[in-house]
Amino acid sequence: MARILVSGASGFIGRPLVSFLASNGYAVFQLIRPSDKSVPNSIIWNPEIGLARPEDFEDFDAVIHLAGEPLTLTRWSAEKREKILQSRTVGTMFLSHLLSQAIRCPSLFISASAVGYYGNRGEELLSEDSGAGSGFLAHVCCAWEKASFAIRNRGARVVHARFGMVLGSDGGALNKMVVPFQLGLGGRLGSGKQWVSWVHRDDLIRALLHIIDDPSFEGPVNVVSPIPVLQEEFAKTLAELLHRPHFFSLPAWALRLRFGITANELLLSSARVRCSKLLAAKFRFDYPDLRSALCKALQRI
């Protein structure tokens with residue numbers, strides 16, 4: 001039985017991922033902090049202070065690294081931005097180093113990244129071959145991906161899974177949108193012409209298993225649906241499904257006044273991202289279009 005180690009296992013993606021992997025016959029182990037409630041097959045670590053027992057990181061076949069400071073829709077202070085950066089780079093570097101020192105190093109290391117790597121690119125159609133953009137999140141993603149150098153140098157297959165906006169029923173961005181939309185406050189942000197690259201959480205989890213099973217995957221992999229949408233279309237579709245109006249709009253200047261840099265990075269940035277590698281590998285999306293994905297996600301909200 002293949003052994004898989006997962007960080008961020010208690011999060012929005014990690015919880016269902018652990019259950020899905022276990023149901024597919026994998027022995028799943030979880031990285032937890034010393035203050036967390038212990039769970040079966042858990043390993044304690046704290047990358048901020050370098051806490052870990054090297055012997056606990058032996059004999060894994062694959063690792064899926066999801067841990068990182070949440071990207072909350074608040075005005076990011078300098079301290080918050082530093083937490084976002086350090087939680088991704090320090091944790092990835094520490095885990096990569098621990099695994100690279102193992103007698104039997106994992107053959108696969110999947111590290112979460114994000115389509116924020118591409119920055120604000122307007123109408124440009126972006127694939128895994130596209131270069132990095134500019135801006136805070138692009139800088140974070142570049143540093144994040146580079147932080148896995150130790151295990152890559154050991155010869156492991158390293159995949160940087162660049163997630164789009166993840167849609168699910170019990171957390172994530174959608175959960176925060178529903179109440180304003182139910183109140184009739186949903187609508188266009190800025191021009192509404194910025195591209196939103198998204199993926200349903202179920203498809204994301206299945207894509208990760210596909211990457212595990214297919215050794216041709218290496219380097220960056222865009223984990224997004226094949227049909228990105230404009231923000232105004234996203235808002236319209238969500239409002240229609242909630243049977244609410246969608247005429248409300250917020251100009252870009254008001255969003256920047258309220259949220260500062262966060263507005264540019266999370267609300268106004270445009271990334272029209274194509275999942276080229278997943279499509280080439282014949283991965284089948286259960287929810288390729290936004291309406292079907294939102295219908296599924298809204299069932300339990």
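Here is a short tour of this predicted model, moving from its sheet to its cysteines.

**Stop one: the sheet.** Start by showing the strands. You'll find an open sheet of seven strands, paired in parallel and running in the order 3-2-1-4-5-7-12. Now pick out residues 42-44, which are strand 3, and 219-223, which are strand 12: these two stand at the edges. Each has a single partner strand, so one side of each is left without a neighbour in the sheet. Turn the view and look at how the strands lie against each other: on average, neighbours in this sheet are turned by 25°, direction ignored.

**Stop two: a pair of strands.** Next, select residues 62-65 (strand 4) along with residues 108-114 (strand 5). They pair in the parallel sense, over four bridges. Which residue of strand 5 does I64 stand opposite? Show side chains here and you'll see that it's I110.

**Stop three: a helix on the sheet.** Keep strand 5 on screen and add residues 136-146, which make up helix 3. Helix 3 packs on the sheet, touching strand 5 and also strand 7 (157-163). Compare directions while you're there: helix 3 makes about 175° with strand 5.

**Stop four: the cysteines.** How many disulfides does a search of the whole structure find? Zero. Select C141 and C142 to look at one case. The sulfur of C142 has its closest cysteine sulfur in C141, but the gap is 7.2 Å, so they are too far apart for a bond; a disulfide needs the sulfurs within 2.5 Å. Finish at C275, which is in no disulfide either: the nearest cysteine sulfur, in C141, is 18 Å away. Is C275 buried or exposed? It counts as buried, because its relative accessibility is 0%.

Conventions
Residues numbered from 1 in each chain as written. Predicted model: local features only at pLDDT ≥ 70, side-chain atom pairs only at ≥ 80, totals over all residues. Heavy atoms only, no water. Pairing = 2+ DSSP bridges. Axes fitted to C-alpha atoms, helices over the stretch in contact; angles between N-to-C directions. Contact = heavy atoms within 4.5 Å. Buried < 20%, exposed > 50% of the residue type's maximum accessible area, 1.4 Å probe, protein only.
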